[in-house]
Amino acid sequence: AGARARERERAMGRRRGMAPPQKYGSPLFCAAWVPGVGDGGPGAGGCVIVGGGGGAGSHGVKNVALGVAWGGRARPDGGGGALEMAACATADMGASAPQGMAVHPDGRAALVASDGGVRVLTVEPSSTTSGGRTVPTVLLASRANDDERLGSALGGGGCSAVAFSADGASFAVGRDDGSVRAFSWPELRECEVAAGSGHSDAVNALAFSPDGTALASTASDGTCLVRRVGGGANAKFVDVRKELHGGKGSFRGAAYADGALYTGVNVGGEGFITKWVYNLADATQLRIASRRRVFRDALTSLAAGGGSPAAIAAGSSEGDVCVARGAGGGISLKATHRGAHGIFVTALAVHPTTGAVSSVSADAGVRVFPSSRAPGGGGGALARAFFLIVLMLATLLVALLIGQAHLYFSTPRCS
């Protein structure tokens with residue numbers, strides 16, 4: 001199977017003109033950008049933490065969390081997500097392969113979920129030199145005391161997803177049994193979350209609303225819940241697939257960005273991004289604003305972020321990555337990178353400032369697709385406007401030359 005995947009990857013790369021992704025020796029299942037380390041833009045670079053491995057009894061395939069630094073420019077051997085990247089930090093995850101990851105908004109700590117529970121890592125900004133340039137990196141270190149405290153609070157059992165709130169004051173943990181719990185940071189005290197029996201399988205995505213009052217989750221059984229965080233007796237949740245989506249489709253991935261909730265949904269074997277708008281006073285009150293088909297095969301991962309308009313990234317079962325933008329009430333597809341990975345995309349991360357997208361896969365590969373929008377926006381739009389002006393001037397010049405030639409050849413000549 002591995003040989004077939006590698007051959008498919010090479011064939012797809014030849015057809016698409018895309019160099020193979022950077023490989024790191026272990027199947028990868030999660031990814032998260034480190035805020036404040038670079039800006040995720042072309043020329044400045046950034047750092048993304050990825051995780052994966054072979055699990056228990058992995059026969060030499062290590063279970064690790066890796067800090068991957070990139071310098072913000074393409075490798076000489078090809079573009080399309082083939083960027084200069086190098087592992088800058090490694091944390092050994094023991095006998096458990098990471099399945100979910102989240103980095104604190106201050107960029108100084110990371111949570112890693114696995115079937116062994118949740119590990120806490122210290123993230124320390126650093127730098128290295130590559131090709132004569134200074135490239136931002138990180139150092140990773142285990143926090144054994146916090147691991148023990150959080151393990152006691154969780155009470156054992158496998159975990160599959162984690163997420164921080166936007167203000168970093170709390171975080172949520174999704175478990176293999178479909179349950180969701182929330183804790184304060186850094187005190188690790190449990191917070192009240194609306195109970196619900198909507199998930200019967202492992203949680204694969206978690207996302208807090210911007211104000212931290214709601215928590216969206218999707219699970220491997222295809223369900224999607226939005227829960228109130230806190231609220232005492234008024235705590236509640238909505239089963240999105242059952243109550244708002246007619247019980248149809250299988251949800252995969254959820255993310256809040258640009259004042260909306262984005263979910264990945266598979267219907268009839270095809271992948272869609274759905275944009276939901278919600279009541280600011282009660283984020284469990286939602287309605288569909290837009291839906292866009294992005295793949296003719298199954299969608300396997302979704303992420304969103306990067307300011308306004310939001311960047312929305314989705315990965316497919318065929319290893320494709322698409323990048324869209326939230327445009328008004330709709331979804332505008334910007335690019336689809338076919339064959340970005342040899343097999344299905346397991347996770348995506350969107351840089352919180354620029355919208356640069358990182359993708360990982362069980363093929364052990366990592367890609368970064370830089371945003372064409374520089375911090376603060378406008379660069380890509382100006383370039384497109386300049387191109388259109390040049391094109392219009394060239395068209396007018398050609399039309400003028402054709403007109404002059406027509407007059408020249410149609411004017412009678414004196415004998």
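**Salt bridges and a strand pair**

Arg149 counts as partly exposed, at 40% relative accessibility, where partly exposed lies between buried (under 20% relative accessible area) and exposed (over 50%), with a 1.4 Å probe and protein chains only. This is a predicted model, in which local features need pLDDT of at least 70 and side-chain atom pairs count only at pLDDT 80 or more, while totals for chains, interfaces and linings use all residues. Residues are numbered from 1 along each chain as its sequence is written, and side-chain values use heavy atoms, with hydrogens and water left out.

Student: Which residue forms a salt bridge with Arg149 at 3.0 Å?

Tutor: A salt bridge puts a side-chain nitrogen of Lys or Arg within 4 Å of a carboxyl oxygen of Asp or Glu. The partner lies 3 residues from Arg149 in helix α2 (residues 144-154); helices are DSSP runs of H or I with at least four residues, strands runs of E with at least two, numbered from the N terminus. That partner is Asp146.

Student: Is Asp282, the partner of Arg228, buried or exposed?

Tutor: The closest N and O atoms of Arg228 and Asp282 are 3.9 Å apart. Arg228 lies in strand β16 and Asp282 in strand β21, so the pair ties together parts that are 54 residues apart in sequence. With a relative accessible area of 8%, Asp282 is buried.

Student: How many residues of strand β18 are buried?

Tutor: Strand β18 covers residues 250-257 and is largely enclosed by the rest of the structure. The buried count is 6 of the 8 residues.
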